Amino acid sequence: MDVRLYKKDMKVLVVCTVTFELNGITAVILNYYKHLKLSEIQMDFIVTNRPSDKMAEKLTQGHSEVHIIPRNGSPFSYILKLFKLCRENQYDIIHVHGNSATMVLETIPAMFAGVPIRIVHSHNVGCTHMRLHKILYPLFNVTYTHALACGEKAGKWLFHEKEFAVLKNGIDLETYKWDITIRKEYREKIHAGEKVVIGHVGEFNEQKNHRYLIELFAKLIQRSDNYILLMIGDGILLQDMKIMANKFGLRDRVLFLGRTEEVSRYMQAMDLFLLPSLYEGVPLVLIEAQASGLPCLVSDSVSRETDLAGTVQYINLCNQADWIEQIIAIESSKMRSRSDNTGKLRQYGYDINISSHALADFYRQCLEE
């Protein structure tokens, strides 16, 4: 059956500029897609890599079309294919998720193809290719029509003084709610025993600062051997970090789990969450960790707007001793007892049921202007 026979209020093309796999931006896109009223929205996707069958299945519930167009190999080919797609399908909106002015690769072809609403969505407060970002910025700045950001800091970084709206990275709060039964099951799964489980979730790249985390953990172990470091994620630096952990003699102390769809369950097994990133906007994993009731230690490069449950401490990366002292303090304090923070996060608007309605309303407002 032709999916275009389904009457929709609007046609939206969503572009994921990062690899479509288990990562922060992809999780945000999937969260919204799952909870939007797809009976009212025809939502199609551009992904830059061939996703796994399991990931691809997540994008089929609303009669969506998924277009695989490589982005990094040949920018001209990418722009041409996106232009043809937009012109043929006559989308009302293109919604581009990214971190920098390289989103001009989407806004330019969409503009010339006649897409009236061109939304760019900032998910970070920095990017890897700063020189390219600065070169492209003047063109980027005049080719989008509307701006979204995961938080105030991410918005001001990318849009400067121009207007933008904050769309909060909502999650399914019930999935992350504190559960003692799941905790026991997953602590047994990783053979944690009575040890303190320090957790981290993130792409293995320079931004997430895993070298610092492993160095920090090696020094912590010298103070006490009552710790396990649980690291979830994948990326170009994963093998380097495994080698580094082995050199520090941490083979049995650092557990690399790779990518998993059970992050919420492994968070139940953790006792505290660490995020020593070089820069961050409003990282989804930090929202998830707070929903799980975890005390969180993060670098002071992370935006202060992320402390929603009153359990986040911001520490300067220049002083590893402060990190170690805070970890030990948490271990010996009542902060290790977990609480249900879902009510607080819902109050701040981080319930996906709330934020998905906000996104749909934003689309409608754009079209009504």
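Is Arg 346 buried, partly exposed or exposed? Select Arg 346 in this predicted model. Arg 346 is partly exposed, because its relative accessible area is 32% and the partly exposed class lies between 20% and 50%. Now add Asp 351 to the selection: the two side chains form a salt bridge, with N and O 2.9 Å apart. Asp 351 has a relative accessibility of 7% and counts as buried, since buried means under 20%.

**A network of salt bridges**

Next, select Glu 21, Glu 203, Asp 234 and Arg 259. Salt bridges with shared partners join Glu 21, Glu 203, Asp 234 and Arg 259 into one network. Side chains of opposite charge can pair when their charged atoms come close. The count of salt bridges in the model is 17.

**The loop between β10 and α11**

Move to the loop between β10 (254-258) and α11 (263-269) and select Glu 261. Glu 261 forms a salt bridge with Lys 58, and the closest N and O atoms are 3.6 Å apart. Lys 58 sits in the loop between α2 (53-57) and β3 (66-68), so the pair links distant parts of the chain, 203 residues apart. Both ends are partly exposed: Lys 58 has a relative accessible area of 31%, and Glu 261 has a relative accessibility of 39%.

Stay in this loop and select Glu 262. Its salt bridge partner is Lys 189, with 3.6 Å between the closest N and O atoms. Lys 189 belongs to helix α8 (residues 180-189), so this salt bridge ties together parts that are 73 residues apart in sequence. Glu 262 is partly exposed at 28% relative accessible area, and Lys 189 is partly exposed at 44%.

**From α8 to His 191**

Continue into the loop between α8 and β8 (196-201) and select His 191. What is phi of His 191 near? The value is near 55 degrees, which is positive, in a residue other than glycine. Most residues other than glycine have a negative phi. His 191 is exposed, with a relative accessible area of 69%.

Gln 90 also has a positive phi, about 50 degrees, although Gln 90 is not a glycine. To find Gln 90, go to the loop between α3 and β4 (93-98). Gln 90 counts as exposed, at 62% relative accessibility.

**Helix α3 and a long distance**

From Gln 90, step back into helix α3 (residues 75-89) and select Leu 80. Leu 80 is partly exposed, with a relative accessible area of 37%. Draw a distance from the C-alpha of Leu 80 to the C-alpha of Val 298: the two are 42 Å apart in space and 218 residues apart in sequence.

**Where α9 crosses α13**

For the last stop, select helix α9 (residues 210-223) and helix α13 (residues 320-331). Their axes come within 10 Å and cross at roughly 60 degrees. That angle makes α9 oblique to α13. The crossing of α9 past α13 is right-handed.

Which residues of α9 and α13 meet? Show these side chains:

- On α9, the contact residues are Tyr 212, Glu 215, Leu 216, Lys 219, Leu 220 and Arg 223.
- On α13, they are Gln 320, Trp 323, Ile 324, Glu 325, Ile 327 and Ile 328.

Colour the contact by residue class: seven residues are nonpolar, one is polar and four are charged.

Methods
Residues are numbered from 1 along each chain as its sequence is written. This is a predicted model: local features need pLDDT of at least 70, side-chain atom pairs count only at pLDDT 80 or more; totals for chains, interfaces and linings use all residues. Side-chain values use heavy atoms; hydrogens and water are left out. Axes are lines fitted to C-alpha atoms, for helices over the stretch in contact, and angles run from 0 to 180 degrees between N-to-C directions. Helices (H or I, at least four residues) and strands (E, at least two) are DSSP runs, numbered from the N terminus. Angles under 35 degrees count as roughly parallel, over 145 as roughly antiparallel, 65 to 115 as roughly perpendicular and the rest as oblique. A crossing is left-handed if the near helix is turned anticlockwise from the far one by less than a right angle, and right-handed if clockwise. Contact means heavy atoms within 4.5 Å. Ala, Val, Leu, Ile, Met, Phe, Trp, Tyr, Cys and Pro count as nonpolar, Asp, Glu, Lys and Arg as charged, and the others, Gly among them, as polar. A salt bridge is a side-chain nitrogen of Lys or Arg within 4 Å of a carboxyl oxygen of Asp or Glu. Buried means under 20% relative accessible area, exposed over 50%, partly exposed in between (1.4 Å probe, protein chains only).
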